Amino acid sequence: MSEADPFGYTEPSSLLYRLEFLLESDPLIDEVGFIHPSQFAALSDMSGSPSLSSMSMELQLADESKLKASPVNPTDMDFWSRDHKLGISTQAIHPLYNAAKHAFSSSFKQYKLLINLHAKRVGLDGDNVSNASSLATLECEVMKHSRALLLLSCDFGTAWNCRKEVVSKKQNIMLYLDELVVSTLVLSYSPKSERAWSHRRWVVKMIAGKCTNLQEILKNESELAQRIAEKSKMNYRAWNHRCWLVSYMPESQVIDELIKYRDWAGLHVADNSCFHYRTRLLTRTLADSFYKQDLKASHVHTAEVCQLWKEELSWSKILIKRYIGREALWLYRRFIAMCWIKHFAARMGGTHVESFVDNELQLFRSCTTVPDNVFEDYQSQAMFAATYIMWLIKQMDERQGVETREKVGEELEKVLNEVCPEKAFLWDLMTKKNGDLI
Amino acid sequence: MGDLAAEKHAKYILLVEKRKDDVESVLMEHLRINGAYWGLTTLDILGKLEAVEQERVVSWVMSCQHESGGFGGSEGHDPHVLYTLSAIQILALFDKIDVLDIDKVSSYIASLQNEDGSFSGDIWGEIDTRFSYVAICSLALLHRLDRINVEKAVKYIISCKNLDGGFGCTPGAESHAGQIFCCIGALAITGSLHYVDKDLLGWWLCERQVKSGGLNGRPEKLPDVCYSWWVLSSLIMIDRVHWIDKEKLVKFILDCQDTENGGISDRPDDAVDVFHTYFGVAGLSLLEYPGLKAIDPAYALPVDVVNRIFLR
Ligand SMILES: [Zn+2]
């Protein structure tokens, strides 16, 4: 690091130039990571394409088959690039940041000046042509420097904003789509970057209604969120983005998503966000079927949605029994069971609600036997089963609640006493319920 | 478990302020004003705010103001409501809200309310219930809640309520303790807590307490000191704080201290930072830990500061 050069104009500006050149010369770079200087030597020897995200932890040796490019320069200790992956030395970060920030700020300032000048000169002749060409150059500079800056500081809002400003003046769909690429690149090193995710939503909002392939873009967005969620567990920002997309999806896509990603969810049973995503999708099917009764096809459609919910219920039960003591699975069941009672069983009439509740009580009982050698997971399973029934009782309408409470008798208290006697809120809620109902 | 290393935490905060040219600090400059609010509020709760040069801080805060009236995270950065609230809170700590052009700041915030009552974070239109809280809290501190449509703002927040009793950032988004704090805080400030099913929400919040005594922010997540603040303040606002094991939570927070160099981390034995130091100390204050100033759960400012604003 150049301590003697606090503003970093001399050597660092060439660092910035090299970084921008690398990005420019390989537009397919799709992953950025930071590498400790001690890892450079190892990387230069290495054949194959390691994943940058795993690089800081361990150097993975992959197969030699796809080796194409070589390191930027065998003696380069600042950048490393191969197979469209870019590594930046951790030692280069500070001087690079200073240079990128300076270059970004000054080019954006000039850009603004010129824009204002343009605004004032509308309708006048003069040197419009030369102005236009210098504007194009400045736009290019602003986009180049802001991208470099965002690869070093992912939530630098002013840099994201200036990109929005430049792009929205152009009204060109392709430029909007390019912004998705920049955001993906930033997310490759910072999957939780709030600004990078929000930039994507801005793009979707801007092009919705203006482009013909929105559905395909939404599909890609959903897949990207999934890919990132795979690597970065319980990533609220990624899943939140995915939930946000749902309101733009046509109904067919909502159902597709539910079916297509069921297996993935089954492999990630501790990921509450993933189950919440299903909650969001399932809620959409309710809004689309029952409440739009003027639809001609609504009868057939309702049957299809009903079937989907039934499958979800039995799938959830299988998971609960297979993976013992998983909170996310039980919370998900609270949701589907409650909606099933309210939107399906109750509407079907007869003894539908009753028999459904009987089934759930059976599930509760089957999950409350803790083996003698007391496994923690079984204790959790028993607690979740008991609180599941309590939750349903509290959420059902009053008559159903009283009936269920009578059926279950002292069983709930017994289980809670055994596995979590210290949870004050549960006892309070329990006695409250009794007091309310008796 | 030791006691709270109050002196050391104060020293740590003051030291971080001095190291603002370190690379870690430089890379975070876009939210420096949030950091200043966390650090200064911690110092105030610890009774050590006099150690700070007030004049210098106030003029730096004012240098972050944009011509639109909003504040950026540092000088020269674009304005956003998140930074605007921090600016107002810092000025409130020093009893200096009167240096603001209050109409200008409130116009900026009010201009970000949308037709459906929601708030955008800035002119680029991202919507989030956090921004609703920030806008409502800011305007309340400025005595300018009349500049927005409070009824619609409340209605939008309620539309983000989930079946589990919690709240997310937009309608249908997953419940998250941080978002719940924002929604409950905004409802508390506007006197709208009657829209909340307190037992149901309290239930969800209490399920955040894990075996170690710490609180997590969502199901299946590890406990983290910052949720001590978000979960606890929400429980206090809905009057259900007696439902959790406070003693165990105090122990969890104290276990996350660096007793040698000061500072608090997210979990025991992790690296400390200002963010978690603030939430740890603020959490202990809510738990009535001895020797700390009381903090207001909705405004996230010391109670005496809030009283100075509203009882004046
Ligand atoms: Zn945290």
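Chain A and chain B together bury about 4100 Å², and carbon and sulfur atoms account for 52% of that area. On the chain A side, A:Y236, A:E327 and A:F425 supply 16% of the area that chain A buries against chain B, more than any other three residues. Select those three to begin the tour. The model is predicted, and the values that follow are computed from it.

**The interface as a whole**

Extend the selection to every residue in contact across the two chains. This gives 51 residues of chain A and 42 residues of chain B.

**A:R195, a residue that touches both chains**

Next, pick helix α8 of chain A, residues 194–207, and within this helix A:R195. Is A:R195 buried or exposed? With a relative accessible area of 16%, A:R195 is buried, because the cut-off for that class is under 20%.

Show what surrounds A:R195. Apart from residues up to four places away in sequence, A:R195 touches A:C154, A:D155, A:G157, A:W160 and A:N161 in chain A, and B:H80, B:Y83 and B:D122 in chain B. Of these, A:W160 can be checked with a distance: the C-alpha atoms of A:R195 and A:W160 are separated by 7.4 Å, with their positions 35 residues apart along the chain.

**A:Y261, between two helices**

Stay in chain A and move to A:Y261, in the loop between α11 (251–260) and α12 (262–267). A:Y261 has a relative accessible area of 10% and is therefore buried. Which residues is A:Y261 in contact with, leaving aside neighbours within four places in sequence? They are A:S222, A:E223, A:Q226, A:R242 and A:R278. For a second distance, take A:C274: A:Y261 and A:C274 are 13 residues apart in sequence and 9.5 Å apart in space, C-alpha to C-alpha.

**Chain A in outline**

Now select the whole of chain A. There are 20 helices and 3 strands in the chain, and 54% of its 438 residues count as buried. Chain A exposes about 20500 Å², with carbon and sulfur atoms supplying 55%. Among contacts between residues at least 6 apart in sequence, 68% join residues at least 24 apart.

**Chain B in outline**

Hide chain A and colour chain B by secondary structure. Chain B has 14 helices and 0 strands. The C-alpha atoms fill a box of roughly 50 × 45 × 40 Å along the principal axes. A compact globule of 312 residues would have a radius of gyration near 20 Å, and the 18 Å of chain B agrees with this.

Buried residues make up 62% of the 312 in chain B. The accessible surface of chain B comes to about 11800 Å², of which 51% belongs to carbon and sulfur atoms. Of the contacts in chain B between residues at least 6 apart in sequence, 66% join residues at least 24 apart.

Colour chain B by charge as a further view. There are 29 positive and 45 negative side chains, and the centres of the two sets lie 2 Å apart.

**B:H9 and its surroundings**

Go to helix α1 of chain B, residues 6–18, and select B:H9. B:H9 counts as buried because its relative accessibility is 0%. Not counting neighbours within four places in sequence, B:H9 is in contact with B:L4, B:L46, B:Q257, B:D258, B:G262, B:G263, B:I264 and B:T277.

**B:E260, across from B:K8**

From there, select B:E260 in the loop between α12 (246–255) and α13 (274–286). B:E260 has 64% relative accessibility and so counts as exposed. How many residues apart in sequence are B:E260 and B:K8? They are 252 apart in sequence, while their C-alpha atoms are 7.6 Å apart in space.

**Two loop residues with positive phi**

Finish with the backbone torsions of two aspartates. B:D95 lies in the loop between α5 (81–93) and α6 (102–110) of chain B. Phi of B:D95 is near 55°, a positive value in a residue other than glycine. A relative accessible area of 34% makes B:D95 partly exposed.

The second stop is B:D239, in the loop between α11 (225–237) and α12 of chain B. B:D239 also is not a glycine, and has a positive phi of about 65°. At 55% relative accessibility, B:D239 counts as exposed, because the exposed class begins over 50%.

Note on methods: Residues are numbered from 1 along each chain as its sequence is written. Chains are lettered from A and ligands numbered from 1 in the order in which they are written. This is a predicted model: local features need pLDDT of at least 70, side-chain atom pairs count only at pLDDT 80 or more; totals for chains, interfaces and linings use all residues. Side-chain values use heavy atoms; hydrogens and water are left out. Helices (H or I, at least four residues) and strands (E, at least two) are DSSP runs, numbered from the N terminus. The radius of gyration is taken over C-alpha atoms; the globule rule is 2.2 Å times the number of residues to the power 0.38. Buried means under 20% relative accessible area, exposed over 50%, partly exposed in between (1.4 Å probe, protein chains only). Contact means heavy atoms within 4.5 Å. Accessible areas come from the Shrake-Rupley method with a 1.4 Å probe; for residues, only the protein chains shown count as cover. Lys and Arg count as positive and Asp and Glu as negative; His and the chain ends are not counted. The place of a charge is taken as NZ of Lys, CZ of Arg, CG of Asp or CD of Glu. Buried area is the accessible area (1.4 Å probe) that two parts lose on being put together, summed over both.
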